[in-house]
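Open the model in a viewer and keep the sequence panel visible. The stops below say what to select next and what is there.

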Amino acid sequence: MIELEQVARHFPGAGGETRVLENVTVTIERGDCVVLSGPSGCGKSTLLHLLALQDRPSSGRILWEGDDTGRWQEARCADFRASSLGMIFQQFHLLPHRTVEANVRFRCRYTSQHLGKQEVEALLVRVGLQDRIAHPARLLSGGEQQRLCIARALALQPKLLIADEPTGNLDDANSTMIRGMLAELHAQGQTMIIATHDGAWKPQANRLWTLSAGCLRE
Ligand SMILES: Nc1ncnc2c1ncn2[C@@H]1O[C@H](COP(=O)(O)OP(=O)(O)O)[C@@H](O)[C@H]1O
Ligand SMILES: [Mg+2]
């Protein structure tokens, strides 16, 4: 589904270049659960931003279904992000004063798609939040907020689910619940990549990537 060919990402800075990724060549197949691990600052988020077409490599190519995304204009990248990627973040990035339902619907903001009431309800059933549909997001617990993020991310049946430290702000019980939820989605065929420094995710990966000193080992 995705191929990275000799991808590098260097950031220019006053004290010289920061060389975050070097010569990364990997693929993601449909149905994979990739766990991307490594210590804080090793470049996990940088790699996810490249996969999400939010950033461009300094050199190398990223192909989506055989198509070189380096040739895509920014508008096409934005369309692709809006329609084909589901994102889950450590900081949730919810609209705190809007309802659970409104937060799921917000997923369609930059697309021409619309979610019916039944679709929203079905998504909330999948994450166990059906009883909270009219609650403002700020009144949910951390674990519930992350479940809402998962519902939002799944709304448009993403080709790829991208999770950046999805349990970084959660306690053990909620982390276990979120891991279980993503394991179930993987079992149902959802393709996903999870960046984390938490080793508890490793057993559920079918692809394990480790980043250190800019190099990715599979
Ligand atoms: N836009 C940027 N400009 C300069 N340096 C950056 C930028 N983005 C990330 N970095 C640097 O790249 C390194 C890796 O960051 P990041 O990918 O966020 O690591 P991780 O997600 O593994 O904690 C860090 O040293 C960070 O400061
Ligand atoms: Mg990060």
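## Start in the mixed sheet

Select Met87, which stands opposite Ile162 in β7. This is a predicted model, so to speak of local features a pLDDT of at least 70 is needed, side-chain atom pairs count only at pLDDT 80 or more, and totals for chains, interfaces and linings use all residues. Residues are numbered from 1 along each chain as its sequence is written, chains are lettered from A and ligands numbered from 1 in the order in which they are written, and side-chain values use heavy atoms, with hydrogens and water left out.

Helices (H or I, at least four residues) and strands (E, at least two) are DSSP runs, numbered from the N terminus. Two strands pair if DSSP finds at least two bridges between them.

Now show β6 together with β7 (residues 160-164): the two run parallel and share 5 bridges. Widen the selection to the open sheet of 6 strands, ordered β6-β7-β8-β3-β9-β10, with mixed pairing. At its edges are β6 (85-89) and β10 (215-217), each of which pairs on one side only. From one strand to the next the twist averages 20°; axes are lines fitted to C-alpha atoms, for helices over the stretch in contact, and angles run from 0 to 180 degrees between N-to-C directions.

Add helix α5 (residues 142-154), which lies across β6 and β7 and runs at about 170° to β6. Contact here means heavy atoms within 4.5 Å.

## Helix α6

Select residues 172-187, helix α6: its 16 residues reach 22 Å from first C-alpha to last, close to the 22 Å expected at 1.5 Å a residue. The expected span is 1.5 Å times one less than the number of residues.

Which residues of α6 are buried? They are Asn174, Ser175, Ile178, Arg179, Met181, Leu182 and Leu185. Buried means under 20% relative accessible area, exposed over 50%, and partly exposed in between (1.4 Å probe, protein chains only). Look down the axis of α6: the buried residues fall within an arc of 160°, so they line one face of the helix. The arc is that of the directions from the helix axis to the C-beta atoms. Asp172, Ala173, Glu184 and Ala187 are the exposed residues on the face turned away from the buried side.

To see what the buried residues of α6 pack against, display β6, α4 (117-126), α5, β7 and β8 (192-196). After the helix comes Gly189, with a positive phi near 105°.

## Asp32 and its surroundings

Next, pick Asp32, in the loop between β2 (18-28) and β3 (33-37). At 5% relative accessibility, Asp32 counts as buried. Leaving aside residues up to four places away in sequence, Asp32 touches His186, Gln190, Thr191, Met192, Asn206 and Arg207.

Two distances can be checked here. The side chain of Asp32 makes a polar contact with the side chain of Asn206 at 2.9 Å, and a polar atom of the Asp32 side chain lies 2.8 Å from the backbone nitrogen of Glu29. A polar contact is a pair of N or O atoms within 3.5 Å; within protein, one must be able to donate a hydrogen and the other to accept it, and residues adjacent in sequence count only if both atoms are side-chain atoms.

## Strand β9 and the hairpin

Move to strand β9 (residues 207-212) and show its side chains. Arg207, Trp209 and Leu211 point to one face and are buried, whereas Leu208, Thr210 and Ser212 point to the other and are not. β3 runs parallel to β9, joined by 4 bridges, and Leu36 stands opposite Trp209.

With β10, β9 pairs in the antiparallel sense over 3 bridges; Leu211 has Leu216 as its bridge partner. The two strands form a hairpin with 2 residues between them, and Ala213 in the turn has a positive phi of about 50°.

## The antiparallel sheet

Finally, select the 4 strands of the other open sheet, in the order β2-β1-β4-β5, with antiparallel pairing. β2 and β5 (67-68) stand at the edges with a single partner strand each, so one side of each has no neighbour in the sheet. Between β4 and β5 there are 2 bridges, and Trp64 stands opposite Asp67.

Helix α1 (residues 44-51) lies across β1, β2 and β4, at about 125° to β1. In strand β1 (residues 2-11), stop at Gln6: its phi is positive, about 50°, although it is not a glycine. Gln6 counts as exposed, at 51% relative accessibility.
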